[in-house]
Amino acid sequence: MPEHAATPATTPAPELPDIPFNRTAVVGREMDYVQQAIRSGHPASGGAFNARAAAVLAEAVGAPEVLLTTSCTSALELSAMLLDLKPGDTVVVPSFTFTSTALAFARQGARLVFCDIEPTTLGLDPRHLATLLDDSVRAVVIVHYAGVACDVEGIRAVLADRPDIALVEDNAHGLFGTWRDEPLGSIGRFAAQSFHETKNFVCGEGGAIVLNDEADVDRARVLYDKGTNRRAFLLGQVDKYSWKDTGSSFGLADVLAAYLLAQLEQRDAIQAKRRAVHERYHAALAPYADDLGITLPTVPADRESAWHMFYVLLRDREQRNEVLTSMRRQGVQPTFHYVPLHSSDAGRMFAARETECPVSEDVSGRLLRLPFYNELAAADTDRVVSTFVESVGAAARV
Ligand SMILES: Cc1ncc(COP(=O)(O)O)c(C=O)c1O
């Protein structure tokens, strides 16, 4: 404004910037490493940054091999290929999850059996699982929702006399969380990681398959590399490489692995920031929980969360939708989560049979995820909380 301009009689309140649902941050040496990967002359998969990032993950989880993939979806697809599914085989998946958890197995020809979740962790319900097992089941896929381990003890007990069934972890949310000191990602025969921009550690689009059974390593390397034994060749194990098996091009470009490594190097700082955001939300909302009739997430004492997200369960779908709309109108961007897969068009198409998943339906209608990212400042969480509390109050009055 020029100096001589008249000051308006009433100054409008400055418009606050929107608080997005998610925002990625540069946390360390991303730019430097990406440049190095480009200048190396070998920016494709299988380069030095792939090896370094995979080594960090393998060490964290205690796995014999980790292969970086283009996404968590492709890591799940590679898991499905390793299972050698035959016509008539089924795979049990939670209904309350992202499509990839199910689609990777449907794509390899499995029919799906949708299992409900239990209401404490929103992970697979072992009691429902026990009713779903028959001779056709080849695998059970678990998700550690929001970064909190599902009921691993209950699931292991149900599968105790079925060593023929592979346990697969879709660990898109759970990296660096634990269940009774066991790292999430180390529990299944395979675990799939995600480094999509919405996750704790990002490289744009990316993922990894964690191979926890040494017996899978050689074949996984072939399927990973377009069905060839190129990896064995690069490791000096064979003197030429050729086509050996089915497979695809699953490898993450080294340019993206460079981005990922820089993020993984800041693991402690990232997790501490996310934990602090989670704790701020929890502390600020807990005093209102009873009055507002909302449920806050719990982390059972035997688990360490991976601090992937913060969600709230509202009274019903109508209230959740009103709160969502009201908060968005005020520049705060919460979001809902999964539409239960068993009720989706594709879920019905690929299901082995109909199953009932009432908890998934209930939770899906009532769940609201609050903005959650590393750099979310205390002033912003305060604004999210006050907008939320005010919106729930307004929704209760209508
Ligand atoms: C549980 C779960 N599995 C898999 C995925 C897919 O991950 P990606 O985008 O890396 O394929 C997501 C994505 O949000 C997810 O939430």
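Trainee: By class, how many nonpolar, polar and charged residues are in the shell around the ligand?

Mentor: This is a predicted model. In it, 16 residues surround the ligand. By class, the shell has five nonpolar, nine polar and two charged residues.

Trainee: Which residues of that shell are the closest to the ligand?

Mentor: A shell residue has a heavy atom within 4 Å of the ligand. Of the 16 residues that surround the ligand, the closest are Thr73, Asp170, Ser194, Lys199 and Tyr338.

Trainee: How many Å separate a nitrogen atom of the ligand from an N or O atom in the side chain of Asp170?

Mentor: A polar contact takes a pair of N or O atoms within 3.5 Å. Asp170 supplies such an atom from its side chain, and the ligand supplies a nitrogen. The distance between them is 2.6 Å.

Trainee: Which side chains place a polar atom 2.7 Å or 2.9 Å from an oxygen atom of the ligand?

Mentor: Take the 2.7 Å pair: its polar side-chain atom belongs to Ser194. At 2.9 Å from a ligand oxygen, the polar side-chain atom belongs to Tyr338.

Trainee: What share of the ligand's accessible area does the protein cover?

Mentor: On its own, the ligand has 400 Å² of accessible area. The part covered by the protein is 92%.

Trainee: Which elements give two or more residues to the shell around the ligand?

Mentor: The ligand takes the space of the largest pocket. Two or more shell residues come from each of these elements: α3 (72-82) and α4 (99-107).

Trainee: Is Phe114 buried or exposed?

Mentor: Phe114 is in strand β3, residues 111-115. Val93 is 21 residues away in sequence, with 5.3 Å between the C-alpha atoms. The cut-off for buried is under 20% relative accessible area. Phe114 has 1%, so it is buried.

Trainee: How far apart in space are Gly46 and Ala253, C-alpha to C-alpha?

Mentor: Gly46 is found in the loop between α1 (30-39) and α2 (48-61). With 49% relative accessibility, Gly46 is partly exposed. In sequence, Gly46 and Ala253 are 207 residues apart. In space, the C-alpha distance is 7.7 Å.

Trainee: What is phi of Asp181 near?

Mentor: Asp181 is in the loop between β6 (178-179) and β7 (182-183). Its relative accessibility is 73%, so Asp181 counts as exposed. Phi of Asp181 is positive, though the residue is other than glycine, and is near 70°.

Trainee: Where is Lys226, the residue with a positive phi of about 55°?

Mentor: Lys226 is not a glycine, yet its phi is positive, about 55°. Its place is in the loop between α7 (217-224) and α8 (230-234).

Note on methods: Residues are numbered from 1 along each chain as its sequence is written. This is a predicted model: local features need pLDDT of at least 70, side-chain atom pairs count only at pLDDT 80 or more; totals for chains, interfaces and linings use all residues. Side-chain values use heavy atoms; hydrogens and water are left out. A polar contact is a pair of N or O atoms within 3.5 Å; within protein, one must be able to donate a hydrogen and the other to accept it, and residues adjacent in sequence count only if both atoms are side-chain atoms. Accessible areas come from the Shrake-Rupley method with a 1.4 Å probe; for residues, only the protein chains shown count as cover. On a 1 Å grid over the protein atoms alone, a cavity is a set of points where a 1.4 Å probe fits but cannot get out, and a pocket is an open set with protein on both sides within 12 Å along at least five of seven lines; lining residues have an atom within 4 Å of a point. A molecule sits in a cavity or pocket if more than half of its atoms lie within 2 Å of its grid points. Helices (H or I, at least four residues) and strands (E, at least two) are DSSP runs, numbered from the N terminus. Ala, Val, Leu, Ile, Met, Phe, Trp, Tyr, Cys and Pro count as nonpolar, Asp, Glu, Lys and Arg as charged, and the others, Gly among them, as polar. Buried means under 20% relative accessible area, exposed over 50%, partly exposed in between (1.4 Å probe, protein chains only).
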